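Thanks for coming. I will go through one chain, element by element, and keep to what the coordinates show. Please have the sequence and the structure open.

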Amino acid sequence: MSTLSAGFRLMRAGWVLVREGVVAALPGEELSGLPKFGWRLARLFTRRRALAYQRSDRLAKAVVRLGPSYVKLGQFLATRPDVVGNDMALDLAMLQDNMHTFPKADAIAAIEASLGRKVGDLYVQFGDPVAAASIAQVHAAETIHDGAATRVAVKVIRPGVRRRFFHDLESYFLAARLQEKYIPSSRRLRPVQVTETLAQTTRIEMDLRLEAAALSELGESTRNDPGFRVPSVDWERTGRDVLTMEWVDGVKMNNIAGLEAAGHDLKTIAANLIQSFLRHTLRDGFFHADMHPGNLFVEANGTIVAVDLGIAGRLGKKERRFLAEILYGFIMRDYLRVAEVHFEAGYVPRQHNVSAFAQAIRAIGEPIHGQPAETISMAKLLTLLFEVTELFDMATRPELILLQKTMVVVEGVARTLDPGFNMWKTAEPVVSGWIAGNLGPRGMLADARDSGKAMLALLRQVPELAVRTERLSREIDLMAEHGLRFDETTAHAIGKAEARYSRSGRVALWVIALTLVYIAWKIL
């Protein structure tokens with residue numbers, strides 16, 4: 001029954017996408033056979049008024065109709081251009097949460113249930129909602145701090161959003177399983193694994209204590225940074241379903257007229273935004289991964305304040321070195337070094353030729369150097385780079401794709417503020433400074449220190465490794481003597497998986513049949 005209801009939810013989602021013109025906006029002329037017939041049929045059922053909108057606007061309207069969980073799905077898929085394609089990923093990256101508010105009484109009930117205290121004991125004043133997103137909404141409130149009234153922002157989880165999301169998640173898994181079963185070419189993209197990643201990231205985002213921890217961590221790492229900060233967290237009034245933080249007085253970055261009226265230098269703000277993002281990424285390996293203009297405020301003194309840190313990105317030292325060296329390599333036109341970095345990081349298999357890979361990278365870099373610097377997009381360069389690496393069997397790197405998606409959004413915001421924005425000139429001080437500090441003598445000393453720590457950790461594990469080796473040796477001897485055997489749990493799991501795939505196939509046939517009946521009824 002659960003699978004059947006998931007199938008109907010999937011049918012409804014497909015119908016909404018058809019009616020809002022999302023399917024019709026896809027490049028269907030490139031299709032052939034049954035897919036092209038389906039695309040043409042979708043165009044017939046598209047709302048006439050939807051045809052007047054751009055594809056990104058159609059997508060936004062459809063996602064809002066489908067509900068909060070589909071907004072999260074769209075934002076997540078924006079980080080996977082390898083799955084949805086670069087053009088669709090760009091459209092999805094611009095999706096901003098803009099949902100209807102829910103009643104203030106429901107927010108109060110959620111706060112009291114989460115913190116175990118009455119709202120009147122927590123806040124001297126608790127106001128109406130001022131903003132609403134797919135997972136939560138924000139209220140203005142006041143607390144008493146050091147004897148004075150202090151304005152705060154209170155973020156509260158939507159009632160029932162977890163239940164709604166995990167119901168919709170069943171239909172996502174059904175679609176992923178059917179895709180893997182009936183579209184063999186899609187298996188390399190691992191749609192079921194992608195859906196599992198979505199489920200995990202959304203579970204994290206729905207626990208506001210984790211967002212508070214991310215705000216706290218980014219606040220500590222950027223404490224001394226010029227022109228950038230995040231709001232402080234009120235931990236006493238923060239729980240699983242509620243996050244209380246400092247109120248931000250400023251102009252939203254999507255309000256260009258407001259920024260100009262406040263006397264801000266838009267070119268300075270654009271440069272500050274990019275340099276701050278690169279600084280967080282390279283120096284700290286921890287960055288705000290949802291930096292659309294609705295999440296960015298500019299205070300009276302020009303400081304950028306970033307809010308809504310439900311999605312954060314992390315890069316290890318190897319990934320940071322990789323990013324810095326490839327960006328610097330393109331700046332200096334050292335394509336062989338860019339290629340070598342890919343091989344050193346283990347991203348491109350060793351069976352490929354470094355020089356051939358450098359030639360492919362040159363095909364990206366040289367046309368860029370023939371253009372005016374202000375027209376060159378660093379985000380587009382990374383997109384082209386990842387396309388080329390696919391030819392050389394570079395596996396998908398989720399952490400780099402999230403970085404790419406965030407850079408697309410941040411660079412887009414900077415160019416909105418300053419159409420003549422020079423990405424390379426702005427990025428060069430941060431990138432070259434990081435390389436000088438981390439790949440020079442100081443970097444070598446740091447690497448030596450890290451290697452020493454790793455060696456000591458390994459020495460401490462030697463006794464345990466010896467015990468494991470002895471146990472493994474005994475198990476291999478037993479396997480050689482008696483053969484490989486499944487335990488009862490494994491055999492049961494295999495049978496259950498086979499039954500599920502068979503059931504999914506039957507459900508798929510019913511869904512297709514019911515869809516055809518519904519379409520025929522509509523036509524008649």
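In which hand does H9 cross H10? The crossing of H9 past H10 is right-handed. Before going further, please note that this is a predicted model.

Staying with that pair, H9 covers residues 161-182, and H10 covers residues 191-205. The angle between them is about 165°, and their axes are 8 Å apart. Angles over 145 degrees count as roughly antiparallel, and therefore H9 and H10 are roughly antiparallel to each other. On the H9 side, the contact is made by Phe165, Phe166, Leu169, Tyr172, Phe173, Ala176, Arg177, Gln179 and Glu180. On the H10 side, the residues are Pro191, Val192, Thr195, Glu196, Leu198, Ala199, Thr202 and Arg203. Sorted by class, the contact of H9 with H10 has ten nonpolar, three polar and four charged residues.

One residue of H10 deserves a stop, namely glutamate 205. Is glutamate 205 buried or exposed? Its relative accessibility is 11%, and buried means under 20%, so glutamate 205 counts as buried. Leaving out residues up to four places away in sequence, glutamate 205 touches Lys72, Ile135, Gly310 and Ile311.

Next, the sheet. It is an open sheet of four strands in the order S1-S2-S3-S5, and the pairing is antiparallel. S1 and S5, the latter at 242-246, stand at the edges with a single partner strand each, so one side of each has no neighbour in the sheet. On average, and ignoring direction, neighbouring strands are turned by 30° against each other.

Two helices pack on this sheet. Helix H7, residues 104-115, touches S1, S2, S3 (148-157) and S5, and its direction makes about 110° with that of S1. Helix H11, residues 208-221, touches S3 and S5, and its direction makes about 25° with that of S5.

Within the sheet, let me look at one strand pair. How many bridges link S1 and S2? Strand S1, residues 125-132, and strand S2, residues 136-145, pair in the antiparallel sense over five bridges. Glutamine 125 has glutamate 142 in S2 as its bridge partner, and alanine 132 stands opposite glutamine 137 in S2. The connection from S1 to S2 is a hairpin through three residues.

Now a second helix pair. Helix H13, residues 266-284, packs with helix H14, residues 317-332, at an angle of about 130°, with the axes 8 Å apart. An angle of that kind falls outside the parallel, antiparallel and perpendicular ranges, and H13 and H14 are therefore oblique to each other. H13 contributes Thr281, Leu282, Arg283 and Asp284 to the contact, and H14 contributes Arg320, Leu323 and Ala324. By class, the residues of the contact of H13 with H14 are three nonpolar, one polar and three charged.

Last, helix H15, residues 335-344. Which residues of H15 are buried? Tyr335, Val338, Ala339, Val341, His342 and Phe343 are buried in this helix. Just after H15 comes glycine 346, with a positive phi of about 80°.

That is the end of the tour; I can put any of these elements back on the screen.

Notes
Residues are numbered from 1 along each chain as its sequence is written. This is a predicted model: local features need pLDDT of at least 70, side-chain atom pairs count only at pLDDT 80 or more; totals for chains, interfaces and linings use all residues. Side-chain values use heavy atoms; hydrogens and water are left out. Two strands pair if DSSP finds at least two bridges between them. Buried means under 20% relative accessible area, exposed over 50%, partly exposed in between (1.4 Å probe, protein chains only). Contact means heavy atoms within 4.5 Å. Axes are lines fitted to C-alpha atoms, for helices over the stretch in contact, and angles run from 0 to 180 degrees between N-to-C directions. Angles under 35 degrees count as roughly parallel, over 145 as roughly antiparallel, 65 to 115 as roughly perpendicular and the rest as oblique. A crossing is left-handed if the near helix is turned anticlockwise from the far one by less than a right angle, and right-handed if clockwise. Ala, Val, Leu, Ile, Met, Phe, Trp, Tyr, Cys and Pro count as nonpolar, Asp, Glu, Lys and Arg as charged, and the others, Gly among them, as polar.
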